[in-house]
Amino acid sequence: MQARWAIVGGSGIGGLLEELAGRPVHIPTPLGMQRGREIELGSERALVVSRHSLGHKTPPHRVNFAAIAWAIRSAGIRHVLATAAVGSLRVDWRPKTLALCTDFIDASGRNLTLFDTRVEHVPFGSPFHWGLNERILEAAGEERLAIEPKAIYVNANGPRYETPAEIEMYRRWGGDVVGMTAGSEAVCMGEAGLSYACLAFVSNLGCGLVEADPNHAEVLEVAHEVGPTILALFQRVIERGAP
């Protein structure tokens with residue numbers, strides 16, 4: 001494989017990645033076969049992975065995050081760009097807001113690790129790679145694209161949405177957005193030694209901040225609108241080269 005980058009897409013964005021032309025790849029891992037496609041992005045090549053599998057069939061609590069990280073590392077790739085649909089914990093971050101994840105709080109209870117069989121304590125002072133984050137912000141500046149530069153991501157377990165009391169608790173913890181995947185993904189990517197960045201897009205406000213309950217159709221609608229912009233931004237980042 002010639003790809004030096006990987007792109008991981010979640011709700012809505014994964015479907016856009018599936019539509020891109022490319023060469024199917026199957027990467028064996030100790031945790032199962034990981035599927036993806038190698039695509040061309042300008043002068044570079046990238047491995048694209050749909051986090052929830054083809055057709056969005058895998059719920060967030062069943063995503064094989066470890067296999068995704070293992071496969072990317074096995075392919076010789078070290079830089080990973082990801083997207084995630086999130087609920088906003090802030091009334092001033094409305095749907096379609098783009099926010100760059102800089103830290104996370106794990107409220108999922110999943111206890112994911114690549115080191116079940118040996119003692120290995122990986123530092124997580126920068127769970128989302130600062131160098132990749134800088135590249136994203138630089139590229140966004142060139143595109144005159146507004147991005148919130150710092151966001152604390154609260155990782156809930158799902159697949160249900162959060163209760164109003166949970167949203168209030170996450171707000172008091174200092175969270176900015178809530179989702180079901182990026183914290184778990186960051187753990188496995190970090191333990192695999194990969195540079196990982198996640199650009200979140202707000203699909204709804206958290207339950208209790210508005211009268212209407214969140215729904216998945218709303219997520220897909222927002223993803224359809226912001227997805228092409230995010231993918232174009234990622235292409236610019238990749239063409240700028242690794243930090």
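The following questions and answers describe features of a predicted model.

Guide: In this predicted model, local features need pLDDT of at least 70 and side-chain atom pairs count only at pLDDT 80 or more, while totals for chains, interfaces and linings use all residues. Residues are numbered from 1 along each chain as its sequence is written, and side-chain values use heavy atoms, with hydrogens and water left out.

Visitor: Which helix gives the largest share of the largest nonpolar core?

Guide: A nonpolar core is a set of buried Ala, Val, Leu, Ile, Met, Phe, Trp, Tyr and Cys residues joined through side-chain atoms within 4.5 Å; buried means under 20% relative accessible area, exposed over 50%, and partly exposed in between, with a 1.4 Å probe and protein chains only. The largest core has 40 residues, and those with the most contacts inside it are Leu47, Ile72, Met189 and Tyr196. Helices (H or I, at least four residues) and strands (E, at least two) are DSSP runs, numbered from the N terminus. The largest share, six residues, comes from helix 2.

Visitor: How many residues are in the other core, which includes Trp5?

Guide: This core lies apart from the largest one. Among its members are Trp5, Leu17, Phe201 and Ile230, and the number of its residues is 29.

Visitor: At which residue does helix 6 bend?

Guide: Helix 6 covers residues 216–240 and reaches 34 Å from its first C-alpha to its last. That is close to the expected 36 Å, where the expected span is 1.5 Å times one less than the number of residues. The bend at a residue is the angle between axes fitted to the seven residues ending there and the seven starting there. In helix 6 it is about 45 degrees, with Pro228 following within four residues, and the place of the bend is Val226.

Visitor: Which residue caps the N-terminal end of helix 6?

Guide: The cap brings a side-chain oxygen to 3.2 Å from the backbone nitrogen of Ala217. The oxygen belongs to Asn215.

Visitor: What is the angle between the planes of Phe104 and Phe124?

Guide: Rings of Phe, Tyr and Trp (its six-membered ring) pair if their centres lie within 6.5 Å; planes under 30 degrees apart count as stacked, over 60 as edge-to-face and the rest as tilted. Phe104 lies in strand 6, and Phe124 lies in the loop between strand 6 and helix 3, 20 residues apart. The two rings are 6.5 Å centre to centre and form an edge-to-face pair, with an angle of 85 degrees.

Visitor: Is Phe104 buried or exposed?

Guide: Its partner Phe124 has 30% relative accessibility and therefore counts as partly exposed. Phe104 has a relative accessible area of 16%, so this residue is buried.

Visitor: Which residue is joined to Gly158 by a cis peptide bond?

Guide: Omega of this bond is about 0 degrees. The partner of Gly158 lies in the loop between strand 7 and helix 4, and that partner is Pro159.

Visitor: What is the relative accessible area of Arg144?

Guide: Arg144 is in the loop between helix 3 and strand 7. Its phi is near 55 degrees, a positive value in a residue other than glycine. Arg144 is exposed, with a relative accessible area of 81%.

Notes:
Polar contact = N/O pair within 3.5 Å; in protein donor to acceptor, adjacent residues only side chain to side chain.
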